[in-house]
Amino acid sequence: MATEAGTPTFANKYPEEASIVRRAFLVAFIALGVGALAGVIQALHRTNILRIIPSADYYTVLTLHGVLLVIVFTIFFLVGVFQWAITRSLERSPPNITFTKAWLGLMSLGSVMTGAAIVSGVISEVDASADVLFTFYAPLQAHPLFYAGLVVFIVGTWLAGVDWFRTWLGWRREHPDERIPLQAFMVLTTMIMWYIATIGVAVSVLFFLLPWSLGFIDQVNPLLTRTLFWFFGHPVVYFWLLPAYLLWYTVMPKIAGGRLFSDPLARVVFVLFVLLSTPVGIHHQYMDPGIAQGFKFIAMTNTMFLLLPSLLTAFTVVASIEHGARQRGGTGLLGWLRALPWRDPAFTGMALAGLMFAAGGFSGMVNAGMNINYLVHNTLWVPGHFHLTVGTAVALTFMAGTYWLWPQLTNRRLYSRPIALAQVVLWFGGMALMSNAMHVSGLFGIPRRTAEPQYQGFDFATTFGGVSELNIQLALGGTLLFVSTLLFLSNLALSLAQPTRSGLGQQLPAALSGPEDSPRVLDNLALWSGIAVVLVVLAYALPLGSIIADSGLLGPGGTAYPAVLTPDSLAGLQAVVADPVVRALEVVA
Ligand code: HAS
Ligand code: CU
């Protein structure tokens with residue numbers, strides 16, 4: 001990897017911030033390791049190749065897998081990358097580093113609480129469980145610790161956003177007329193989207209799920225909590241994706257040897273995500289009774305518009321890479337592809353992640369069509385889709401990005417670039433096998449979310465090969481992914497022992513078409529936030545209103561709401577919360 005003599009690394013310039021980023025990555029990677037272990041256990045279990053857990057524990061393992069990978073791994077990595085991006089692009093430290101440490105601490109505490117509630121599910125001595133999957137809506141109910149942990153975690157992310165907005169405001173006072181640097185723009189717009197999106201989950205958890213699990217209310221309205229969950233559950237996928245986009249737009253052109261093709265187009269993309277990410281959540285509920293077809297149709301239309309920012313991204317990122325390849329001497333209509341730095345694991349990982357995302361985007365388009373969704377909903381097709389999107393576009397980009405960021409954050413070289421290269425290729429290969437098998441299985445009607453997909457006395461009709469062949473493909477793919485994760489983690493662990501050295505700093509080049517080429521209105525964050533809120537109200541006011549009108553806030557026959565705190569309910573609360581903790585301590589003792 002070429003370094004630029006005299007350029008300080010991020011760790012040289014901002015040692016305290018680099019330490020925050022490293023800590024966030026540490027939590028992310030611990031979650032990745034445990035989550036991947038849970039993943040391979042499931043892949044081997046549901047394909048009936050190796051069963052080391054009882055089927056009754058399948059949901060605990062599945063919940064652990066989902067929550068650790070798509071909540072803890074992704075979001076801790078996000079806060080690390082965003083802290084790096086905001087600091088380096090504004091060239092400014094947070095206003096108060098103690099505050100920064102506090103939100104990271106809150107997020108960690110929340111993760112431990114939620115993780116403990118999930119793991120309790122397999123400890124028979126502890127009377128608690130949270131087998132509710134990462135889509136934690138009713139009627140499944142978790143121990144209150146699970147929801148409380150989520151609240152603490154999400155509050156942590158909100159404060160992270162406050163921190164970054166404060167940093168930006170400080171910068172703005174000193175640079176009143178300048179355009180927001182691109183990386184900071186990406187961080188701030190993503191956080192606006194996050195604030196809007198998390199309203200859904202906050203209302204669902206604070207007003208319904210938590211009081212219900214504490215026994216303050218005796219029932220909830222499942223359709224209402226599902227709808228509130230998906231209000232958050234779709235945009236959260238872009239919360240995972242946008243840090244990967246940040247790396248694709250701002251780091252990948254550099255490693256390809258070129259420059260970003262268009263800064264204005266990148267801004268348009270992030271603004272479109274602010275506007276359109278939330279008013280589409282009902283596309284997860286096409287099969288839900290109780291929501292009128294018309295509302296589903298509106299969600300479908302919005303979803304089709306939401307393809308646009310990703311299609312624009314495909315164009316801009318590929319154009320930037322092509323520019324890099326031509327700078328490196330590449331020629332021809334497609335011959336330039338050969339001139340790309342394929343031996344660089346950071347580049348190859350991100351490029352393979354992008355290629356897989358093209359396929360994942362395609363299966364997303366299939367999901368989004370109301371009529372075709374009826375064929376694939378609740379089948380293994382859907383996990384096939386999201387292992388290409390969050391499981392590859394996002395996860396593989398994060399791993400590849402780590403290879404590039406590592407020297408900037410630690411002043412150490414990576415232990416082994418060949419292992420890193422093998423690791424990203426292995427991920428691509430493993431995922432190609434696993435997600436292909438999942439998509440095909442889904443088309444044959446094989447269900448998702450079950451330890452026993454093969455119903456007795458029933459054979460799935462396959463066009464070629466058979467279910468057992470698909471199972472072998474799935475299990476093999478899952479095993480390769482696990483091996484790839486181990487290679488990633490051990491390479492990083494060994495890198496810790498590398499000597500520190502100077503001269504590892506890298507600069508990110510300016511875009512070919514810079515911010516001066518874009519209208520100023522793109523930087524008007526208040527305007528986009530306002531329009532985004534209006535669109536959410538338009539998309540959700542009527543569906544939510546009609547759900548409540550039809551079946552009440554708490555479902556038919558629900559008791560009075562809001563709940564009142566009485567000595568009795570407090571005593572109940574104490575029993576619910578304290579019991580498992582006391583028993584867990586007894587077990588440990
Ligand atoms: Fe999705 C279900 C629709 C994107 C994640 N999705 C899920 C679930 C998850 C998930 C986790 O409409 C399951 C939730 C559950 O448990 O029930 N999804 C879409 C659509 C998109 C989409 C339309 N999904 C994502 C992303 C995710 C994600 C991103 C995570 C990060 N999804 C759905 C629907 C469902 C669904 C329905 C419900 C299904 C059901 O019935 O339950 C779009 O945003 C996709 C747009 C993407 C593209 C691709 C553009 C290509 C690019 C590649 C560029 C290439 C490069 C390489 C950089 C149009 C940008 C260059 C290299 C060289 C060498 C040149
Ligand atoms: Cu979605």
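**Helix 3 and the shell around ligand 1**

Modeller: Helix 3 bends by about 30° at L68. The model is predicted.

Biologist: What makes that a bend of about 30° at L68?

Modeller: The bend is the angle between axes fitted to the seven residues ending there and the seven starting there. For L68 in helix 3, that angle is about 30°.

Biologist: How do you know that the span of helix 3 agrees with its 33 residues?

Modeller: Helix 3 covers residues 58–90, and at 1.5 Å a residue it should span 48 Å. Its end C-alpha atoms are 46 Å apart, so the two agree. E91 follows helix 3, with a positive phi near 50°.

Biologist: Why is helix 3 called mostly covered?

Modeller: Buried means under 20% relative accessible area. In helix 3, 31 of 33 residues are buried.

Biologist: Now the ligand. What makes the pair between Y238 and ligand 1 a polar contact?

Modeller: The cut-off is 3.5 Å between N or O atoms. A side-chain N or O atom of Y238 is 2.5 Å from an oxygen atom of ligand 1, so the pair qualifies. H377 places a polar side-chain atom 2.6 Å from a ligand 1 oxygen. For H385, the partner is a nitrogen atom of ligand 1, at 3.0 Å.

Biologist: Which residues are closest to ligand 1, and how many surround it?

Modeller: 40 residues surround ligand 1, and the closest are Y238, N373, H377, H385 and R448.

Biologist: Which helix supplies the largest share of that shell?

Modeller: Helix 12, with 10 residues. Helices 8, 11, 12 and 14 each supply at least two. By type, the shell has 25 nonpolar, 13 polar and two charged residues.

Terms used
Residues are numbered from 1 along each chain as its sequence is written. Chains are lettered from A and ligands numbered from 1 in the order in which they are written. This is a predicted model: local features need pLDDT of at least 70, side-chain atom pairs count only at pLDDT 80 or more; totals for chains, interfaces and linings use all residues. Side-chain values use heavy atoms; hydrogens and water are left out. A residue is near a molecule or strand if one of its heavy atoms lies within 4 Å of it. A polar contact is a pair of N or O atoms within 3.5 Å; within protein, one must be able to donate a hydrogen and the other to accept it, and residues adjacent in sequence count only if both atoms are side-chain atoms. Helices (H or I, at least four residues) and strands (E, at least two) are DSSP runs, numbered from the N terminus. Ala, Val, Leu, Ile, Met, Phe, Trp, Tyr, Cys and Pro count as nonpolar, Asp, Glu, Lys and Arg as charged, and the others, Gly among them, as polar. The expected span of a helix is 1.5 Å times one less than its number of residues. Buried means under 20% relative accessible area, exposed over 50%, partly exposed in between (1.4 Å probe, protein chains only).
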